[in-house]
Amino acid sequence: MEKLKSNNFTTKQDYQMALEEIIRPLRQKILESDSPGLHLGSSGAVYDQQRADMEALVRPLWGIAPAWRFQKDDELRDAYLTKLIKGTDPASPYYWGLIEDYDQYIVETAALSLTLLLHKKYVWELLSNSAQQNMINWLSQALVRKTPKNNWTFFKVLIRTALFHCGEKLDRKKLTEEFQLIDSMYIGKGWYVDGKETQRDYYIPFAFHYYGLIYATFMKEEDPERARCLIDRAKLFAQDFVYYFDNDGEGLPYGRSLTYRFAQGAFFSALVFADVEAIPWGEVKTILSTHLKSWLNHDIFTFDGRLSIGYHYENLVMAEGYNAPGSPYWALKTFLLLAVPNDHPFWEVAPTPVKKQGKKFVEKGNMLLIQAQDGEHLLGFPAGMMVEGQAHAQAKYSKFVYSTKFGFSVPKACTRYEEGAFDNTLAIARAGEDCFQAKGVTESYWLTEECVYQKWSPFEGVTIETEVYPFEQWHLRVHEINTKVPLEVREGGFSLPLLGRKLQGQQGLDWSFVTEKDWLSQIVAIEGYDEALIIQPEPNTSLFFPRTSLPCLKKSLPAGKHRLICLVGGMIKSDKETRNNDKN
């Protein structure tokens, strides 16, 4: 995979070579296996093995199918055709089986739909009449199944669009109903909510807008008004979304499904595919180039070259229940731009710096974003966001701050503070107990360009009002705590990597810091705390670093009203500082 680390992602050939390298470890398995699935690992998911293996086969099509537009691969295409025929034939021993309500198969129909849309001649017309009918019958099952009222609605839209382009009749009434549901989730300024008001994350760019731009591309003549609407929404969203990346192309680690990694940039690829210049093509090229270079220089592949479950490294601790071994190939959505011609202006333009302010209040995203160090370090301060029934939801949505240079951690257990890995949050336990709780559901909140306020309760009898005031790589936290029971309180700073055997840091009575190479994490008590500590959380709790340490403050509180105030900083040296130090 060394070729990937030196790829600059400026030409179409760069993207083609990268895709070939990522697919290489799967290719022989696809060519040799009789089964319409790929078995890529032994870890489990909430769906069965057959669905996990089908997912692993189909998800690479997000990149492979666009590449086939201008770089044919008959051998691989024929292998996929054979497998799709077997998987959709009820008489085959390899039949995928019936699609049920809320079925993982419904998710995977999207990649199949895109393949049919892109390749009517190269794929669809090579199927026999009976194989075509089997494909129609199998996909059509999803149209009558129950799905969550969220981004999944687009799966039905894509199936209808694909079958329509393959000659089937379009049920316009049902399509209208599906778009009415999608429109009910639109909240303005280019933003959707993913089914629930408190869920605004990467599913907005790499699901809602991504699918919407595909629909707009293929249905612009059949449904011009809807196509224009979807394009206009994407243009609006792009003005906010550019702020979710730092100068190195690192996307803000936030929300669920982070194991899809560089799918974070798929929205910009969809803009290229739909020929929607929401921001100048030179800026789009910069974002995609730096984003992919950043990701492909992280340790995201297994020893045999497969995309692993994890984030900056292989890590099952942070995964959701729906992350099977093939799930990470959702990242290949970012290769959709391979379907555009060689003379598209995106390929010809030179990368240009992305124009961004130092501070951006994204009202509809419930996020205050700070481009610190002239954009080298992105910090995100969210409020009011949460999902239910997802692994580590508190850690992924409800910490005080998220960082592109320090990441964040998820808990392994709640029996000890170290197992909770409570970086950048206030952790609360009842006195005499050792099971800490952090902020989850927010009772009320507001954001401005200067402050993020949230009112929350870790458990009954305790109410906390928190104000966070960001400035550059520091922020001030103020907590007003009203408790009916005695408490143990821990205030966590940024986690950074622990590379050696021993912690690198110092602590005083009311301050502590840890440091490693160009990272520095510090916390300073201003009012109300008893003691400063340095903590080594459980391994593999951080999304960025296998081993970490963090500074924290400690306090024992009796029942009553209390105020805690502290300064928290996560600092990186700028490139300029590093160069100056190297000279010295």
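Here are some notes on a few spots worth finding in this predicted model.

1. Start with Thr-404. You'll find Thr-404 in the loop that runs between strand E6 (402-403) and helix H16 (417-420). Is Thr-404 buried or exposed? Its relative accessibility is 2%, and buried means under 20%, so Thr-404 counts as buried.

2. Now look at who surrounds that threonine. Leaving aside residues up to four places away in sequence, Thr-404 touches Asp-246, Glu-250, Gly-251, Leu-252, Pro-253, His-377, Leu-378 and Phe-544. With one of these, Asp-246, there is also a polar contact: the side chains of Thr-404 and Asp-246 are joined at 2.7 Å.

3. Next, helix H6, which spans residues 104-118. How many of its residues are buried? The count is 15 of 15, so the helix is mostly covered because buried residues are those under 20% relative accessible area. Take a look at the N-terminal end of H6 too, where Asp-103 acts as a cap. A side-chain oxygen of Asp-103 sits 3.0 Å from the backbone nitrogen of Tyr-105.

4. On to the cysteines. The count of disulfides in this model is 0. Why does Cys-552 have no bond to Cys-566? Cys-566 holds the closest cysteine sulfur, but that sulfur is 11 Å from the one in Cys-552, which is too far for a bond. Cys-552 itself counts as buried, because its relative accessibility is 0%. Cys-229, on the other hand, is partly exposed, with a relative accessible area of 27%.

5. Let's turn to the empty spaces. The model has 3 cavities of 30 Å³ or more. The largest cavity holds about 70 Å³ of space. Try picking out its lining in the structure: Trp-191, Arg-200, Asp-201, Tyr-202, Pro-205, Phe-237, Phe-241, Tyr-244, Tyr-254 and Met-367. Sorted by class, that lining has 8 nonpolar and 2 charged residues, with no polar ones.

6. Last stop, the second largest cavity, with about 50 Å³ of space. Its lining is made up of Leu-61, Trp-68, Arg-77, Tyr-80, Leu-81, Leu-84, Thr-115 and Val-123. Two or more of these residues come from each of helix H4 (61-68) and helix H5 (74-88). Which element gives the largest share? That would be H5, with 4 residues. By class, the lining of this second largest cavity has 6 nonpolar, 1 polar and 1 charged residues.

Notes: Residues numbered from 1 in each chain as written. Predicted model: local features only at pLDDT ≥ 70, side-chain atom pairs only at ≥ 80, totals over all residues. Heavy atoms only, no water. Buried < 20%, exposed > 50% of the residue type's maximum accessible area, 1.4 Å probe, protein only. Polar contact = N/O pair within 3.5 Å; in protein donor to acceptor, adjacent residues only side chain to side chain. Contact = heavy atoms within 4.5 Å. Disulfide = S-S within 2.5 Å. 1 Å grid on protein atoms, 1.4 Å probe; cavity = no way out; pocket = protein on both sides within 12 Å on 5 of 7 lines; lining within 4 Å. Points joined across faces, edges and corners; volume = space filled by probe spheres on them. Nonpolar A, V, L, I, M, F, W, Y, C, P; charged D, E, K, R; others polar.
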